[in-house]
Amino acid sequence: MKKLFLILILLLIPNVYAENCNIKCPSESLNIIEGETILNKVTGINFLSKKIIELAIQKEINDELEKSKIDAVLDIFNLKRLKNGEFKSLKIKTDNFKYRALSMSNFSAETYCNYNNFIYKNKKIYFPTDIPFKFEGEITNTDIQNVINSYEFQKELKRNNIIQTPNIIIQDNYLHFTIPIKSFISFDIKFKANVEVSNNKIVLRNITFNSNSNIINNDILAPLLNNINPIAYEFNSVNGKFFNIDITKAIILEDKIKINGILNINQNYGERNE
């Protein structure tokens with residue numbers, strides 16, 4: 001079921017993108033001319049089939065996500081194409097999206113291309129091409145705490161013996177950090193920072209230390225701080241063999257971070273696997 005969930009996530013993300021993300025849509029998207037049959041229009045078979053699949057998608061995702069309720073809307077060409085694994089688009093939305101260290105609020109997503117398809121073989125779902133999704137959402141103080149408390153982030157912290165669990169809040173258009181340091185002496189590093197997107201990743205910028213907090217050379221500290229930045233970590237932690245997330249826009253507005261990006265489901269059937 002885990003693989004199916006990843007596949008369904010692939011079928012899910014909205015309208016935003018950066019030119020350097022190199023999105024490729026299947027060539028079939030340029031040749032969609034087949035319409036509904038008269039039978040489908042009269043009996044509503046398309047509607048019923050679509051609704052059954054939408055409910056199945058929602059159940060599968062809701063079973064995997066923690067404390068999330070997903071609404072899914074599938075747009076199809078016709079019943080025949082749907083049986084062949086072909087569909088126009090999939091849109092999803094939820095107030096709370098949580099998967100491993102990834103936590104977002106007011107999340108919505110939609111497939112980027114106007115033609116998408118999958119292959120069902122030997123009771124498994126495969127993707128013959130990459131499937132890109134556009135998404136947007138918000139990171140709140142609750143989301144940041146979810147990331148910090150996640151198993152993945154805590155495991156990353158334990159790789160060092162110096163940096164302890166940070167306290168981070170979004171307030172007045174800034175991220176405010178308090179980072180406990182424990183070595184031969186113990187002290188806190190306190191600073192505020194903004195965010196920007198660099199190479200499709202979120203990084204800290206305009207780091208301003210509180211008085212007497214910058215006792216470590218900034219050239220040494222800045223890379224270290226970005227490595228434990230939970231905003232960047234939550235997206236980086238889910239990148240890998242199955243899918244990748246690129247951030248195209250990130251901006252702090254009062255006590256929230258607005259995020260736009262692309263989630264790409266990687267091809268897992270065809271030439272790449274031969």
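Trainee: How much space lies in the second largest cavity?

Mentor: About 40 Å³, where a volume is the space filled by probe spheres set on grid points joined across faces, edges and corners. This is a predicted model: local features need pLDDT of at least 70, side-chain atom pairs count only at pLDDT 80 or more, and totals for chains, interfaces and linings use all residues. Residues are numbered from 1 along each chain as its sequence is written, and side-chain values use heavy atoms, with hydrogens and water left out.

Trainee: Why is it called a cavity?

Mentor: Because a 1.4 Å probe fits at its points on a 1 Å grid over the protein atoms alone, but cannot get out. The count comes to 2 cavities of 30 Å³ or more.

Trainee: Which residues line the second largest cavity?

Mentor: N200, K201, I202, I231, A232, F235, N236, I245 and I247; lining means having an atom within 4 Å of a point. They divide into 6 nonpolar, 2 polar and 1 charged. Ile, Ala and Phe count as nonpolar, Lys as charged and Asn as polar, so I231 goes with the nonpolar group and K201 is charged.

Trainee: Which element gives the most to that lining?

Mentor: Helix 8, with 4 residues. Strand 12 (201-209), helix 8 (230-236) and strand 13 (243-253) each supply at least two. Helices (H or I, at least four residues) and strands (E, at least two) are DSSP runs numbered from the N terminus.

Trainee: What makes strand 1 and strand 13 edge strands?

Mentor: Strand 13 belongs to an open, antiparallel sheet of 6 strands in the order 1-3-4-8-14-13. Strand 1 (71-75) and strand 13 each have a single partner strand, so one side of each is left without a neighbour in the sheet. The twist averages 15 degrees from one strand to the next.

Trainee: Why do strand 8 and strand 14 count as a pair?

Mentor: Pairing takes at least two DSSP bridges, and 9 bridges join strand 8 (131-139) to strand 14 (256-265), so they pair. One example: E136 is bridged to N260 in strand 14.

Trainee: Which strands are at the edges of the 9-10-11-12 sheet?

Mentor: Strand 9 (167-171) and strand 12, each pairing on one side only. That open sheet of 4 strands is antiparallel too.

Trainee: What angle does helix 5 make with strand 9?

Mentor: Helix 5 lies across strand 9 and strand 10, running at about 160 degrees to strand 9. Angles run from 0 to 180 degrees between N-to-C directions, with axes fitted to C-alpha atoms, for helices over the stretch in contact (heavy atoms within 4.5 Å).

Conventions: On a 1 Å grid over the protein atoms alone, a cavity is a set of points where a 1.4 Å probe fits but cannot get out, and a pocket is an open set with protein on both sides within 12 Å along at least five of seven lines; lining residues have an atom within 4 Å of a point.
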